[in-house]
Amino acid sequence: MYCLKSFVFGIGSLLLTVSCNQQPESSDETNPAANTPEVRVINGVSSKGPISNALIELIAFDPNDGSATGTPIATATTGANGQWSVSIPAAQHTVALLIKSSGGNYLDESDPEPDPAKKRRISFAPADSITGVLFPGFNTASVTMMTAALIEKSRIESNGTSFLNVLNNNRNIAISALGFDPFTISAANPLSPASSASVDAIEYAMYLGGMATALNSAAILLGVPVPDFAIVQGFILDMADGRLNGVNQAGAVTVLVNSVAKTFPTTINLNRSITRFRNNNFAAYAVTPVTSIVTVNEAVLVATGANASPNAIDD
């Protein structure tokens with residue numbers, strides 16, 4: 001069972017309920033080592049759909065501006081289901097670490113083709129990266145477009161100072177808006193969530209499928225048949241203010257389409273995209289314990305993490 005803590009935010013007296021000791025979805029990867037006083041074993045997933053053959057790097061954050069610093073602490077390569085596992089020194093598991101997922105390929109969840117063997121497979125170039133965070137005290141992590149957007153949100157809002165505090169606040173804001181922790185929950189496969197996976201992992205999978213559907217809509221509106229990494233990056237930048245509406249803190253989001261700068265679409269509704277994905281994949285989710293359609297509260301997600309320092313209140 002989970003233990004519960006409540007956090008009260010100074011901004012809008014936002015009350016959050018945060019679950020801890022969350023159990024990861026079972027992995028088909030082999031752990032490189034067992035936990036010891038000197039070593040921590042970390043298991044995670046990289047998912048756009050599940051990204052196979054991606055390079056995973058764990059890197060220290062600059063605590064002020066959130067940039068990556070130094071050489072990787074650990075590296076791994078994702079398996080067929082996007083899962084990865086690394087060992088890191090326990091002494092380096094005391095602060096948040098950047099997780100960088102580069103390259104690899106994935107099945108496009110938004111492709112309506114019902115046969116998984118015939119769905120389109122999209123590849124990232126080796127330099128194409130999405131990011132996540134390993135938080136201290138957790139041994140699981142996900143790297144997704146949502147985690148990448150929250151990192152970008154925190155970098156913008158911290159404005160070069162106290163990035164780690166802003167990041168933690170935005171993590172708690174996201175938990176309230178989504179109903180699960182997008183950083184520490186290992187997302188299930190959006191196209192075939194295991195019925196044995198946790199409710200949070202299955203809800204995360206549905207959310208990622210909805211994001212993929214919204215991304216595909218963006219590609220069509222931008223005049224391209226398949227969302228390439230430039231459109232993925234545009235989606236992440238759009239969500240950096242917590243809302244999918246074509247703008248972020250800096251104004252209109254633009255992407256390069258065939259070397260031409262275009263404005264990211266402003267008319268895509270994320271919750272409708274989640275509903276569409278769930279309806280298109282009804283059979284896959286009907287056998288899971290998740291019976292309702294996930295929604296995201298964008299009105300909560302847009303709250304800034306810069307002035308939302310949480311105070312923990314024990315039960």
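Four salt bridges are counted in this structure, which is a predicted model. The tour below visits three of them, then a group of strands, a pair of helices and two residues with unusual backbone angles.

**Stop 1: the salt bridges**

Side chains of opposite charge can pair when their charged atoms come close. Please begin by selecting Asp108 and Arg120. These two residues form a salt bridge, and their closest N and O atoms lie 2.7 Å apart. Both residues belong to the loop between strand E8 (105-107) and strand E9 (121-123), so the salt bridge ties together parts that are twelve residues apart in sequence. Is Asp108 buried or exposed? With a relative accessible area of 0%, Asp108 is buried. Arg120, on the other side of the pair, is partly exposed, at 24%.

Next, select Glu157 and Lys153. Here the closest N and O atoms of the salt bridge are 3.0 Å apart. The two residues are four residues apart in helix H1, and about one helical turn separates them. Glu157 and Lys153 are both buried.

The next pair to select is Arg171 and Asp181. Their salt bridge has its closest N and O atoms 2.8 Å apart. Arg171 lies in helix H2 (residues 163-178), whereas Asp181 lies in the loop between H2 and H3, so the pair ties together parts that are ten residues apart in sequence. Arg171 counts as buried, with a relative accessibility of 8%. Asp181 also counts as buried, at 1%.

**Stop 2: strands E3, E6 and E11**

Select strand E3 (residues 39-46) together with E11; the two run parallel and are joined by four bridges. Two positions help to locate this pairing. Asn43 has Thr140 as its bridge partner in E11, and Ser46 stands opposite Val143 of E11.

Now add strand E6 (residues 83-89) to the selection. E3 and E6 run antiparallel, with seven bridges joining them. To find one point of this pairing, look at Gly44, which stands opposite Trp84 in E6. How many of the eight residues of E3 are buried? Six of the eight are, and E3 is thus mostly covered.

Return to E11 and display its side chains. In a regular strand the side chains alternate between the two faces of the sheet. In strand E11 (residues 140-143), Thr140 and Ser142 point one way, while Ala141 and Val143 point the other way. All of these residues are buried.

**Stop 3: helices H1 and H3**

Two packed helices are described by the angle between their axes and the distance between the axes. Select helix H1 (residues 145-158) and helix H3 (residues 199-221). Their axes come within 10 Å and cross at roughly 80 degrees. H1 and H3 are therefore roughly perpendicular to each other.

Which residues meet where these helices touch? From H1 they are Met145, Met146 and Thr147, and from H3 they are Tyr204, Tyr207, Met211 and Leu215. By class, this contact has six nonpolar residues, one polar residue and no charged residues.

Keep Thr147 selected for a closer view. This residue of helix H1 counts as buried, with a relative accessibility of 0%. Apart from its neighbours within four places in sequence, Thr147 is in contact with Thr131, Gly132, Ser142, Pro182, Phe183 and Tyr204. Two of these names have appeared before: Ser142 belongs to strand E11, and Tyr204 belongs to H3.

**Stop 4: two residues with positive phi**

Most residues other than glycine have a negative phi, and most peptide bonds are trans. Select Ser162, which is found in the loop between H1 and H2. Although Ser162 is not a glycine, its phi is positive, at about 60 degrees. At 33% relative accessibility, Ser162 counts as partly exposed.

Finally, select Asn258. Where is Asn258 found? Asn258 is found in the loop between strand E14 (254-257) and strand E15 (260-263). Its phi is near 55 degrees, a positive value in a residue other than glycine. Asn258 is exposed, with a relative accessible area of 68%.

How values were computed. Residues are numbered from 1 along each chain as its sequence is written. This is a predicted model: local features need pLDDT of at least 70, side-chain atom pairs count only at pLDDT 80 or more; totals for chains, interfaces and linings use all residues. Side-chain values use heavy atoms; hydrogens and water are left out. Axes are lines fitted to C-alpha atoms, for helices over the stretch in contact, and angles run from 0 to 180 degrees between N-to-C directions. Angles under 35 degrees count as roughly parallel, over 145 as roughly antiparallel, 65 to 115 as roughly perpendicular and the rest as oblique. Contact means heavy atoms within 4.5 Å. Ala, Val, Leu, Ile, Met, Phe, Trp, Tyr, Cys and Pro count as nonpolar, Asp, Glu, Lys and Arg as charged, and the others, Gly among them, as polar. A salt bridge is a side-chain nitrogen of Lys or Arg within 4 Å of a carboxyl oxygen of Asp or Glu. Buried means under 20% relative accessible area, exposed over 50%, partly exposed in between (1.4 Å probe, protein chains only). Two strands pair if DSSP finds at least two bridges between them.
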